[in-house]
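The exercises below are meant to be worked through with the sequence and the structure side by side. Try each task before reading the solution that follows it.

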Amino acid sequence: MPSWKSRLRASAIHLAISLSVATLAALVVFGWWYPYPYRELSGGRELFALVVAVDVVLGPLITLVIFNPAKTRRHLVMDFTVIGLLQVAALAYGLWTVFVARPVHLVFEYHRMAVVHAIDVDSDLLAKAPPSLQTLPVTGPTVIALRPFKNPAEQFDATTAALKGFPLAARSDLWQAYEPARADVLKEAKPVAELRARFSNQAAQIDWAIAATGRPVTDLRYLPLLSRKTAWTVLLDTTTAEPLGYLPLDSF
């Protein structure tokens, strides 16, 4: 029987390799698919941690159980090939799950901002979006808006669908570029000074978010931000309506 020392050494080497691969995967996930603050807003951090934990533990644990230096080189190569294929398959499946759940747009939804995820978008409705929005981004969410309803019937249908669980912001047939909606965004947004007055007990957190934008409080407005079951606040430029900062505060 092989000694535990040799098994542990082989398992440790395998663990180091697995962690290196996981680090590269993290650069893709958090650098492209879930940039801040979406790793918190969209649950990307928890989902990726689960995927990586399973994959990183799987290979080294199997190595710890089956490694035997007395085996021939051919047998060792076969063992590690099988383990490697299992890990690659598990990681690929996990990353695909993370990818299809990624946030794709930050949408102005008439009175608030909402995060839309790829998995929420109906492929049939996507064909009805403006041509520039028919391809979902893979390098982080873009800021867009919902267009005005054409008539009361369309508004009723969209509202009914939302009540049935189909998020209004995910209705790609209502998407439009952000530029035409800037005036409406600023009309709905409120001065950040009001936010501080409403949540005086969280003034330090609010002040930190304001400072992170690099703008004075008079240059900022805010809107509530909804993502799945999480509610945050987005800080906007008072002139351009561009998102400048995010705050883990439910401002509804």
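**Exercise 1.** Which kind of interaction do the side chains of D79 and K71 form, and what is its N to O distance?

*Solution.* Before starting, keep in mind that this is a predicted model. The side chains of D79 and K71 meet in a salt bridge, with 2.6 Å from N to O. Turning to the surroundings of each partner, D79 has a relative accessible area of 21%, so it is partly exposed, since the buried class ends under 20%. K71 is likewise partly exposed, its relative accessible area being 27%. This pair belongs to a structure that holds nine salt bridges.

**Exercise 2.** Find the helix that contains E154, then decide whether this residue is buried or exposed and which residue it meets in a salt bridge.

*Solution.* The first step is to place the residue: E154 lies in helix α6, which covers residues 152–163. The second step is accessibility, and because its relative accessibility is 16%, E154 counts as buried. The third step is the partner, and here the side chain of E154 meets that of R147 in a salt bridge of 2.7 Å, N to O. R147 has a relative accessible area of 15% and is therefore buried. Finally, when residues up to four places away in sequence are not counted, E154 touches R147, P148, F149 and L174.

**Exercise 3.** Which residues are linked with R182 in a network of salt bridges?

*Solution.* Begin with one pair, the side chains of R182 and E179, which meet in a salt bridge of 2.6 Å, N to O. Then widen the view to the network, in which E179, R182 and E242 are linked by salt bridges. As for accessibility, E179 has a relative accessible area of 53% and so is exposed, the exposed class being over 50%.

**Exercise 4.** In which sense does strand β3 pair with β1, and in which sense with β4?

*Solution.* Take β1 to begin with: this strand, residues 103–108, pairs with strand β3, residues 142–146, in the parallel sense over four bridges. One residue pair to look for is H105 and its bridge partner T142 in β3. On turning to strand β4, residues 175–177, we find that β3 pairs with this strand in the antiparallel sense over three bridges. Here A145 stands opposite Q176 in β4.

**Exercise 5.** Locate H117, state whether it is buried or exposed, and name the residue whose side chain it joins through a polar contact of 2.8 Å.

*Solution.* H117 is found in strand β2, which spans residues 113–117. Its relative accessibility is 0%, and H117 therefore counts as buried. The polar contact of 2.8 Å joins the side chain of H117 to that of S42. To complete the picture, leave aside the neighbours within four places in sequence; H117 is then in contact with S42, A101, R102, P103, V104, S227 and R228.

**Exercise 6.** Which residues make a nonpolar surface patch of about 270 Å²?

*Solution.* The patch of about 270 Å² is made by I13, I17 and V21. Follow V21 as one of these residues: it is found in helix α1, which runs over residues 4–33. Because V21 has a relative accessible area of 40%, it is classed as partly exposed, and this value also meets the requirement of over 30% for residues in a patch.

Conventions:
Residues numbered from 1 in each chain as written. Predicted model: local features only at pLDDT ≥ 70, side-chain atom pairs only at ≥ 80, totals over all residues. Heavy atoms only, no water. Helix = DSSP H or I, 4+ residues; strand = E, 2+ residues; numbered from the N terminus. Buried < 20%, exposed > 50% of the residue type's maximum accessible area, 1.4 Å probe, protein only. Contact = heavy atoms within 4.5 Å. Polar contact = N/O pair within 3.5 Å; in protein donor to acceptor, adjacent residues only side chain to side chain. Pairing = 2+ DSSP bridges. Salt bridge = Lys/Arg side-chain N within 4 Å of Asp/Glu carboxyl O. Patch = residues over 30% accessible without salt bridge, like charges linked within 9 Å, V, L, I, M, F, W, Y side chains within 5 Å. Areas by Shrake-Rupley, 256 points an atom, 1.4 Å probe, with all protein chains shown as cover.
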